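Work through the exercises below with the structure open beside you. Each task is followed by a solution in steps.

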Amino acid sequence: MESLQAETQEIKEDIFFGQVIIIWARWFVVLGIAAVLFLNVREARDLLVGLIPVLVLMLMNFYVHGSYLLERPVGQGLIVITGVVDLVIISLLVLLGPVGQKFGSQLFVFYYPMVLAFAFIMPRRWAIAYTVLTLLVYVLVCLFDIGQIEGREMFVRLLTLGGIGGLGSYYWRIMRRRRRAALGSASAPPG
Amino acid sequence: MSALDYPCPKCGKKVGDQDRFCQNCGEALFVDVDTTSEPAETDYLCPYCRRENEPASSFCIFCGSPLRTSEARKSPVSRPAEAKHNEVYKDLAPKQVVNSRKELRKEENGMQQAEKKDNEVQENLEVQEDLAHGQIVIITFRWLIIIGALIVTLWTLATPEAVIGRQALVTFLLLVYAAVNFILLTRYLRRSPSLAGVTYVMSLVDLILITVVIAIQEDIFKSHVYAYYYPALMVLAVAFPTRITAVYTVGAIVVYGLMSSLSAGAEFQQILSRLLMMAAVAFCASLYRKIEHDRRTGKAKLFSLGGGGPDRSS
């Protein structure tokens, strides 16, 4: 029972300390999306449609960042929800985006920091689930364009995307072990 | 400051007879030797030159400093700085006082330098530990690259555009790379991780290899190999100090940015988004490393103080 409580506390602390990473990752993505969209505007409609995902991500991140700065960081539930919103928005951009679409879109690169940040702060099961979900959604989006898919390129994208989630989660586990060891030595009686 | 001024024993600027500290240098000034005893012979010692005066004297006959009355000595105000000061210098003449102060300052400086050295040693140890723990992630990433590249090479062999000689060379190089990584892995498993220099060089080789493979493609901008930069930058950012991570990341961004921009058919927005995400991945991984470092050290202190760690999640 005690170990369960300690683990729950550890997960909460992981989210408390680590959520600044997901916040920064999202700011990078917002900047990237804004740059791609605004450098590609040809009509007023493009600008209006392009503004929607940027605004949604910005508002969401302002809330999370604000809560963090007020030392009331959001909980695990909200982190998962915002992570799913990120995934949906990036996938919609890949599916309908202004710079190539589906497999031809290069906007899949926005998945990398989000998957990495999620792997760094969430428990292993959640991180793996999020990585797999991202891969599935991306494959699904590309399947709309099945004739254009180049197998080797798709393989490399999925390998690196899965790799970054897996390596992030692996490092998270190493750090947890290291932290526990440090705490153990600090709490042990001298001698 | 009153009209009855005398020089500060440290800086020589004039100070008032009621001043406890020099207004110029902050030096605690002589006031009394014993704050509890009844007026005695020592009451007539000059507070500045420590020579004996006549009981009725208001001023020191040797140096002209004002002599204090016994009422002033019995002040109830606590003066720890003065007490300490007097304890150290009570039996010393002015010149000796200055010399002793210098020695004390030297000692203090020595202690500060020793503390600084201790901190540097601690920092170095942390860097070595980070490298040792991060090495296995770098080695795992390298397996990922090798397996991925081997699969792509074999895949290419099955296509009509395959150039057998070129694919054979690539396969050979990959096997050499795998052998080197295997050596690094065995060293790690035998608990004697590679030296920092070797790890830095190997990570640089990883980045150079990715860049070279991109550079030899017909269309650099369209080459999909750049996707390997993301895990490569991530693994080095979690293992290396921030400065080295920054140098490697900026180097990779500049080289890839220039190469792909100069390629025919390059699209600026797409290159920008690729480069921005490279920076994002390296930044996030480096930030995580720093957060974990702070957590380890900060939490350990909390536990040392006897607490169980506050509930920071609320």
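**Exercise 1. The interface**

How many residues of chain B are in contact with chain A? Find which elements of chain B supply them.

Solution. This is a predicted model.
- Step 1: 42 residues of chain B are in contact with 47 residues of chain A.
- Step 2: On chain B, the elements giving two or more residues to this side are α3 (94-157), α6 (229-239) and α8 (268-304).
- Step 3: α8(B) gives the most, with 23 residues.
- Step 4: By type, the side of chain B that touches chain A has 27 nonpolar, 9 polar and 6 charged residues.

**Exercise 2. The nonpolar cores**

Identify the residues that touch the most other members of the largest nonpolar core, then list what L116(A) touches.

Solution.
- Step 1: The largest nonpolar core has 95 residues, and those touching the most other members are L116(A), L233(B), M234(B) and V281(B).
- Step 2: Helix α1 (residues 2-38) of chain A provides the largest share of this core, 14 residues.
- Step 3: Leaving out residues up to four places away in sequence, L116(A) touches A25(A), I164(A) and G168(A) in chain A, and M234(B), V281(B), C284(B) and A285(B) in chain B.
- Step 4: A second, separate core has 5 residues, among them L45(B), Y48(B), C60(B) and L67(B).

**Exercise 3. The two faces of a helix**

Which residues of α5(A) are buried, and where do they lie around the axis?

Solution.
- Step 1: Helix α5 (residues 124-143) of chain A has 20 residues and reaches 28 Å from its first C-alpha to its last, close to the 28 Å expected at 1.5 Å a residue.
- Step 2: The buried residues in α5(A) are A127(A), Y130(A), T131(A), T134(A), Y138(A), V141(A) and C142(A).
- Step 3: These residues cover an arc of only 100° around the axis, so they are on the same side of α5(A).
- Step 4: The face turned away from the buried side carries the exposed residues R125(A), V132(A), L136(A), L140(A) and L143(A).

**Exercise 4. Buried or exposed?**

Decide whether A181(A) is buried or exposed.

Solution.
- Step 1: A181(A) lies in helix α6 (residues 151-187) of chain A.
- Step 2: A residue counts as exposed if 12 or fewer other C-beta atoms lie within 10 Å of its own.
- Step 3: A181(A) has 11 other C-beta atoms within 10 Å, and is therefore exposed.

**Exercise 5. Confidence**

Where in chain B does pLDDT stay under 50?

Solution.
- Step 1: Chain B averages a pLDDT of 76, and 75% of its residues score at least 70.
- Step 2: pLDDT stays under 50 over residues 69-81 of chain B and over residues 300-314 of chain B.
- Step 3: Where pLDDT is low, the predicted coordinates should not be read in detail.
- Step 4: For the complex, the predictor gives an ipTM of 0.90 and a pTM of 0.72.

Notes:
Residues numbered from 1 in each chain as written. Chains lettered and ligands numbered in written order. Predicted model: local features only at pLDDT ≥ 70, side-chain atom pairs only at ≥ 80, totals over all residues. Contact = placed C-beta atoms within 7 Å. Helix = DSSP H or I, 4+ residues; strand = E, 2+ residues; numbered from the N terminus. Nonpolar A, V, L, I, M, F, W, Y, C, P; charged D, E, K, R; others polar. Core = buried A, V, L, I, M, F, W, Y, C linked by C-beta atoms within 7 Å. Buried ≥ 20, exposed ≤ 12 C-beta atoms within 10 Å, placed from the backbone. Expected span 1.5 Å × (residues − 1). Arc of directions from axis to C-beta. pLDDT = per-residue confidence, 0-100.
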